[in-house]
Amino acid sequence: MTRQDEAITDSGFLQERVSYLEESNRRYIDIFEMLASSGDFQADLARAEGLQDIFQATLAQVQRLIPFYRAGILEAMDDGSFELTSCDSTPCSTKLQDAADAAIVDGAFAWALNRNQAVMIPSQRGGTLLLQSITTRSRIHGMFVGLMPGESASIDAPTLNALSILLNSAAYALESTTLRGLLKEHMATLEQRVEERTRELAVAREKAEAASQAKSEFLANMSHEIRTPMNGVMGMTELLLEGGFSPEQQRKQLLAIRDSAENLMVIINDILDFSKIEAGKLELCCAPFLLRKSLEQGLYSLGLKAEQKGLRLVIQVDGAVPDRLGGDIYKLRQILINLVGNAMKFSEQGVITVSAQLEQAEDAGLVVRFCVADQGIGIPAEAQSRIFETFEQADVTTTKKFGGTGLGLTICRRLAELMGGRIWVESEPGKGSCFIFTARLVSVGEDVAIEGEGVAVSQSLEPLKGLAVLLADDVEVNRELAKAVLERSDHRITEATNGQEALNAYAAGRFDIVLMDVQMPEMDGLQAAAGIRRLEQERGTGRTPIVAMTAYAGKDDRDKCLAAGMDDYLSKPVKPAQMLEMLQRYCSAATAGPELETVATPPPTPAPAVEDEIPVYAKADLLERLGGAEALIPRFLGLFFKGVEPNMAALEEAIAAAEPDKVRTTSHAIKGSSANIGAMQMRETAAAIEADAKTGDITAVPAGLEKLKVQLEEFKAATEN
């Protein structure tokens with residue numbers, strides 16, 4: 001190559017280099033000019049009223065930076081889609097949307113969403129497509145879309161960086177606009193919400209003040225109601241201690257003490273029942289019952305009191321109401337007793353009518369309507385709406401004629417609701433009141449045995465004699481009572497004081513039936529029953545009936561006994577007839593062939609007795625268990641006192657050591673032996689201690705122990721008379 005050729009080549013290269021540098025300078029000048037105008041852009045963003053204004057300002061600024069021949073912004077929708085909502089010219093919107101849709105299909109759109117930089121790809125319809133997301137840390141607001149001519153168009157890095165700055169500014173402007181909108185909306189509604197909240201607080205304050213006032217009136221009323229009978233008890237007792245009265249005068253004074261004590265117990269029972277309801281510890285205890293007989297028995301004593309006051313109590317049950325029903329008869333009677341008691345209190349003459357009618361028959365059962373109507377003073381209309389509320393009474397003045405806690409009707413309302421019904425009153429002052437409530441009950445078939453119905457398998461057959469009975473119970477007095485019943489029929493009894501002894505005795509002998517306590521030391525009755533069933537399987541012998549005899553009385557307890565392999569369940573105190581019926585049911589086939597097939601049914605759960613109805617010493621029940629042999633009572637009382645003292649000491653030690661499980665086992669033993677000997681108040685207190693211990697909370701147990709000690713002394717005194 002000649003020097004001239006080399007000079008020409010160098011001149012061309014230099015010219016090309018100069019052109020490149022000039023073009024780069026122009027690009028930098030454009031960027032600088034765009035950045036210099038960014039103040040105007042930021043002002044446009046600040047003035048923007050909404051999303052579209054921000055998008056339009058952004059597009060205008062981008063076009064100053066890069067000469068797209070089509071450009072727009074796709075808005076991110078709440079459902080995750082993207083729609084073209086802003087474009088630099090209307091005719092280009094369709095082509096831009098098509099280009100964006102194609103990018104979505106081939107994955108370039110998703111690629112751009114995951115990057116903080118622009119993505120440039122060839123467009124399927126010609127040209128180059130640029131995508132860059134408009135994103136903040138909190139969310140994606142949209143996607144910028146621009147089309148440039150040429151399939152391999154390129155943009156230098158400084159320009160792309162400037163584009164990113166613009167789009168980031170737009171993204172944060174969008175977020176600021178959204179926040180300003182929310183703040184504006186919040187400020188617009190804040191005053192309204194403050195007013196609403198102020199009104200709510202005012203209503204709540206009024207309710208709280210009303211509740212506080214009601215409680216204050218209730219406490220003042222209770223102070224009066226409790227002090228009045230206490231004054232009668234203490235005053236009459238002081239007079240009796242002074243002496244010098246005739247037998248007739250002493251009788252009147254003792255009757256006054258009794259009446260005052262009864263009034264006091266009514267108040268205490270109302271408070272205790274209400275406390276149970278408020279704590280959510282009141283549950284239904286459903287069992288079959290005879291409606292008409294149950295009403296007559298439950299209201300009998302009130303009928304006598306009504307006669308003494310010159311009133312007449314009438315019970316009317318419509319013929320359409322079945323007599324054999326299932327439900328909680330004790331809570332049903334509790335409502336009726338409360339309502340009838342109120343009717344007697346507010347009536348001076350006339351008839352008090354207790355009626356029952358069938359209101360509705362449903363697939364799930366029956367809705368029965370009960371009504372207690374009187375001809376008393378009636379209730380003012382303004383008081384009828386509040387007498388069922390807590391602590392409320394129709395008359396709360398200090399001059400009121402009739403006493404009471406103001407809780408009785410609240411308890412009735414809660415009990416009615418618990419039984420799936422409701423309660424209301426219809427009354428006219430001076431003419432009387434009618435308290436009406438409904439309860440959901442179920443109809444019981446003829447094949448279901450009901451206590452007191454008088455039909456039992458054992459009554460139709462000759463009593464069995466000479467059976468081999470394995471009797472397992474760790475409490476001596478319980479075993480002796482069971483033996484007193486069984487030995488009258490010449491049954492041969494093998495005793496065991498714990499589950500292991502029972503299992504060993506069964507392994508060594510043959511028995512017609514096993515009577516098994518549940519809670520025993522070393523091995524409990526459930527474990528012993530399971531062991532007996534395993535022995536039977538290993539030996540291939542027949543199945544020996546096992547009947548649980550325990551102070552546990554819940555449905556879950558019965559289910560546990562059956563699951564352990566027992567055949568039936570009797571709750572203590574066990575009546576002789578029940579025990580003999582079990583022998584008849586399960587052993588008659590062994591002696592007389594399979595005459596009857598009967599279904600084992602759980603014994604009815606004892607009524608949750610009202611405290612003033614619980615005797616200190618149920619001597620009649622004990623005599624029944626002893627077959628009327630009163631001469632045996634001292635022996636069994638001695639066994640009871642001998643066994644209960646160690647249990648009381650063990651209970652005290654368990655409380656001191658804060659051992660809920662030991663508290664539960666010792667109180668359970670006291671409960672069972674007390675029930676069998678007829679110490680019914682002790683039985684109730686021990687049951688309450690056991691229930692607390694089951695929950696693990698024994699904070700109230702020390703008070704129960706002190707009560708138990710007092711009741712033990714009262715029981716000793718009662719048995720000495």
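These are my notes on a disulfide, the nonpolar cores and one helix pair in a predicted model.

**Cysteines**

I started with the disulfides and searched the whole structure, which turned up one. It joins Cys371 to Cys434, with the sulfurs 2.4 Å apart. I checked the cut-off here: a pair counts when the sulfur atoms are within 2.5 Å, so the S to S distance of 2.4 Å for Cys371 and Cys434 passes.

I then looked up the handedness. The torsion about the S-S bond is -135 degrees, and the link of Cys371 and Cys434 is left-handed. Next I asked where the two ends sit. Cys371 is in strand 10 (residues 365-373) and Cys434 is in strand 12 (residues 432-443), so the bond ties together parts that lie 63 residues apart in sequence. Both Cys371 and Cys434 are buried.

I also looked at two other cysteines. Is Cys286 buried or exposed? At a relative accessible area of 58%, Cys286 is exposed, because the bar for that is over 50%. Cys561 went the other way: its relative accessible area is 2%, so it falls under the 20% limit and is buried.

**Cores**

On to the largest nonpolar core, which has 41 residues. Which of them touch the most other members? I noted Leu339, Phe370 and Phe437. The elements giving two or more residues to this core include strand 10 and strand 12, the two strands that hold Cys371 and Cys434. Helix 8 (291-308), helix 9 (329-345), strand 9 (351-362), helix 11 (408-418) and strand 11 (423-428) are on that list too. Helix 9 gives the most, with eight residues.

I pulled the contacts of Phe437, leaving out residues up to four places away in sequence. Among them are Leu332, Ile335, Leu336 and Leu339, along with Val368 and Phe370. Phe437 also touches Arg369 and Arg422, plus Ala416 and Ile423.

Apart from this core there is another, of 33 residues. Tyr617, Leu626, Phe640 and Leu712 are among its members.

**Helix 12 against helix 19**

Last, I looked at how helix 12 (residues 476-486) packs on helix 19 (residues 660-677). The angle is about 35 degrees and the axes are 9 Å apart. The crossing of helix 12 past helix 19 is left-handed. On the helix 12 side I listed Val477, Asn478 and Leu481, which meet Gly672, Ser673, Asn676 and Ile677 in helix 19. I sorted the contact residues by type: three are nonpolar, four are polar and none is charged.

Notes:
Residues numbered from 1 in each chain as written. Predicted model: local features only at pLDDT ≥ 70, side-chain atom pairs only at ≥ 80, totals over all residues. Heavy atoms only, no water. Axes fitted to C-alpha atoms, helices over the stretch in contact; angles between N-to-C directions. Helix = DSSP H or I, 4+ residues; strand = E, 2+ residues; numbered from the N terminus. Left-handed = near helix turned anticlockwise from the far one by under 90°. Contact = heavy atoms within 4.5 Å. Nonpolar A, V, L, I, M, F, W, Y, C, P; charged D, E, K, R; others polar. Buried < 20%, exposed > 50% of the residue type's maximum accessible area, 1.4 Å probe, protein only. Core = buried A, V, L, I, M, F, W, Y, C linked by side-chain atoms within 4.5 Å.
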